[in-house]
Structure formats: structure tokens, C-alpha cells
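Reader: I have a new model open. Walk me through how to read it, feature by feature.

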Amino acid sequence: MDEEYEVIVLGTGLKECILSGLLSVDGVKVLHMDRNDYYGGESTSLNLNQLWKKFRGEDKAPEHLGASRDYNVDMMPKFMMGNGKLVRTLIHTDVTKYLSFKSVDGSYVFVKGKVQKVPVTPMEALKSPLMGIFEKRRAGKFFSYVQDYDEKDPKTHNGMDLTKLTTKELIAKFGLDENTIDFVGHAVALHTNDQHLNQPALDTVMRMKLYAESLARFNGTSPYIYPLYGLGELPQAFARLSAVYGGTYMLNKPECKVEFDEEGKVTGVTSEGETARCKKIVCDPSYLPNKVRKIGRVARAIAIMSHPIPNTNDSHSVQVIIPQKQLARKSDMYVFCCSYTHNVAPKGKFIAFVSTDAETDNPQTELKAGIDLLGPVDEIFFDVYDRYEPVNEPELDNCFISTSYDATTHFETTVADVLNMYTLITGKQLDLSVDLSAASTEEE
């Protein structure tokens, strides 16, 4: 361990593993350490006995739930947009060869007290029970405008400058009502609150286009894909990538104390009496607690069930977004479900998650609206965790700290943080312009 590295990465969460892989591909000499004896950090997947130990303090789960090894329960459950930045990063680095994916069955939104399928094409909008007949026409025109919009072709802009026009002003031009605005902003553009309404419309339009492109890419019934055996496979895949390109891994390293010089710049990491020297540190917030601040909490429930979520067309994997306005909250609530079809539970079993930004100290009460959508559950666990963001100045101390995972059940905000960190560390932007048509998912 008494060696010099360009970068030491602490923690094997997904963000840290992606960065370790990307930096190794760039030829950077990387040492990757973790105080745990497993990969994944906060974003690991647990078998049933591990889940029981974490939440119930008991070593063994009841036998009627099936074999422990058949469960892969994600601690940070998220789906991947089919044409999103994480998929493009996987393809860019060829990590896809270590993973198998399957499309997610359904994408739904909770509006007016009901779970409804999210319409994203003019044809779907015309069939959707979300809207009345005149609203369908208006929504169809709006979706057509978004579908045809090309940032580089002014002819498709209809005389509107979306860098200046707010989302609210753009939507007003099509006369859409509040419920339509709600599902477009939250379930299609995947905004987490209503701030986007007063911001330039370009971002919302490009997010809607990403949703439609992701839907079309794998000819699925939703824009999302998800790895077989759960998300715990992702950190390990990027760790393998890093190792192939010369990265060194050390798990089960206690303490991992970051060392600094008199000027406050990082000089290395000490563990078990040995120090590895380095120029830069990449880590999750738990390794440098004095350089982060708490920005909120996430409340979540994890449920084991013997049926799909009701009113989702018997979908074995599904996302339901409950926009904040529908619950008179400040932030959205997310319902995520997957099952034995993605090899995360024994046959006949489903794993569901309900998550949101905590606004009270009572997760059971706060998550009730989402839990009520699940129907009967075999077992349910509740959890609240704190979220942190860095407050240091990386150019002064050479410490690059990730932000804690949010409550969303999709990866777009996660990958935005990773790509921003990559730019801060390397001084360049990651070029994801690869031949996307070369990629394909493995369908069962």
C-alpha cells in the first residue's frame, strides 16, 4: 500500500465506482478502497437475511418468504433511462459486456386519485383517460411540437426561443390544464418539484425528448431498463472495468483516514498503519464528514409482496410517480417495483419501494399515500437517511466528494453528479458521442 497514486477513491458506491472506471480508462493510476468487505456502499443490494439483519436485527428471515439468496434488494432503487446518460456511459466504457438488462414494463403517474399510464406520444395522448377530449387535442399538439423540436433547426421552433420562454409560458401557448402540466413536468420530464415552470422551457422539452427517445430505443412499454440481479451489479461492473485498466482494489480497509499537508491539500490515505500517497481524493460524504453539510432526508419503505402493484396492468416492473401537488407536498413521491422477472426475488415475489424527501419525522405516515397503492404486503420495512452535499473547494484541497443519493427512482440526477465530478477532477467533459445503435438490451 505504501505507493503513490494519482487518485485514491474511497467507497464503492455506484458514483465512486463509475468515476474509478472512467479515470482508469483515461490512464489515471487509481487506488480504490472501502471500509466495507463488499461492493456498493449505500447503493448495494442485499439478500433476504442481510435485509432482515439490517432492519430487524435478526440473522434469519422467515422461511415462507423463500430462499435468502434469491433476493437482491436494492438499497438505492433506480431505473435507467433507455437513452439516458448512464446507459450511454455504460456503452462508452463497454461495461455492458458485464451486465444483462431487461426493459421495465410500465411508467405510471398518480393524478386525480388514480394510477394512470403516462402518455408520451400524440397517439397515446388521444387514448389516455387522464384528459378530456379537448385537452387530448391540445396535449397531442404539444407532444407533436416537442417530438419535432430540433435545437439546431429554427424551422421547428415555431418562432419561440425556448432559452428565454419559461416552461409555464410555453405550456400556456398550448392551453394545457393543471393535471396535464403535472404529469408532463413530473412523470415525463422527471422534474422533482415545480421550480421548472419558471425556468427556460428548453430543459423541459429536451427532457421530454429523452423520455420519448428512451421509450423508442428498446421498443418497450416504458422508457426504463433495469439490470438483472439488481443494481448491486453496476458498481461491480465498473470496478471490473477499473481493474482491467490497471486500477487497484482494497476492500475491508478500516478507518481510511485522509491525510492533508499544512496548506490543507490532500496527501494520501492511512489505513492499518500504512499510508498510500495521492494527489486527489474521490469519496462519498461519509469519508470526509467535516467537508459536507446535511441538505435533507429521504424517507422510504421497502415491501415484499406476492402480487404486482394494482392498476398497473399486472406490470412486473413499474415506476409510479406521485407529483407533489397531488399530495399537497413540497416534493414528489416515487413508487418502484420489480420482481422475479428481473431476478431480484423468488418466483411469485415482488419488491416494492416508496420514497420521498422527508418533510416530517414520521415515515410511516408520510409514505402512506404511496404504500396505499401497493395493496396487501407480506413484509414492510421503514427507513430514513440523511442526505449530504460537499461544501469544500476542490481546487484548494483536491477532495472531490459526491452528493448523497436522492429519493428519485431514476438515474438522471445521479449521473449528472458523476459527470460534473468527472469534469472537476479531469478538467474536461466526458465525450459520450458513441454509436448508440451498437447497443442492445438482453430481453428474456
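Reader: Which residue follows α1, and what is the sign of its phi?

Author: First, a caution: this is a predicted model. Gly 27 follows α1, and its phi is positive, near 90 degrees.

Reader: How many residues does α1 have, and what does it reach from its first C-alpha to its last?

Author: Compare the span with the one expected at 1.5 Å a residue. Helix α1 covers residues 14-25, twelve in number. It reaches 17 Å, close to the expected 16 Å.

Reader: How many of the residues of α1 are buried?

Author: Eleven of the twelve, so the helix is mostly covered. Buried here means under 20% relative accessible area. Among the buried residues are Leu 14, Ile 18, Leu 22 and also Lys 15 and Glu 16.

Reader: Which residues touch the most other members of the largest nonpolar core?

Author: Leu 162, Leu 170 and Phe 183, in a core of 98 residues. Take Leu 170. Leaving aside residues up to four places away in sequence, Leu 170 touches Phe 142, Tyr 145, Met 160, Leu 162, Leu 165, Ala 201 and Val 205. A second, separate core has 22 residues, including Ala 301, Val 354, Ala 358 and Leu 367.

Reader: How many disulfides are there?

Author: Zero. The test asks for two cysteine sulfur atoms within 2.5 Å.

Reader: Why does Cys 256 form no bond with Cys 283?

Author: Distance. The closest cysteine sulfur to that of Cys 256 is in Cys 283, 10 Å away, too far for a bond. Cys 256 is buried, at 3% relative accessible area.

Reader: And what of Cys 278?

Author: Its sulfur lies 8.3 Å from the closest cysteine sulfur, in Cys 399, again too far for a bond. Cys 278 is also buried, at 5% relative accessibility.

Key: Residues numbered from 1 in each chain as written. Predicted model: local features only at pLDDT ≥ 70, side-chain atom pairs only at ≥ 80, totals over all residues. Heavy atoms only, no water. Core = buried A, V, L, I, M, F, W, Y, C linked by side-chain atoms within 4.5 Å. Buried < 20%, exposed > 50% of the residue type's maximum accessible area, 1.4 Å probe, protein only. Contact = heavy atoms within 4.5 Å. Helix = DSSP H or I, 4+ residues; strand = E, 2+ residues; numbered from the N terminus. Expected span 1.5 Å × (residues − 1).
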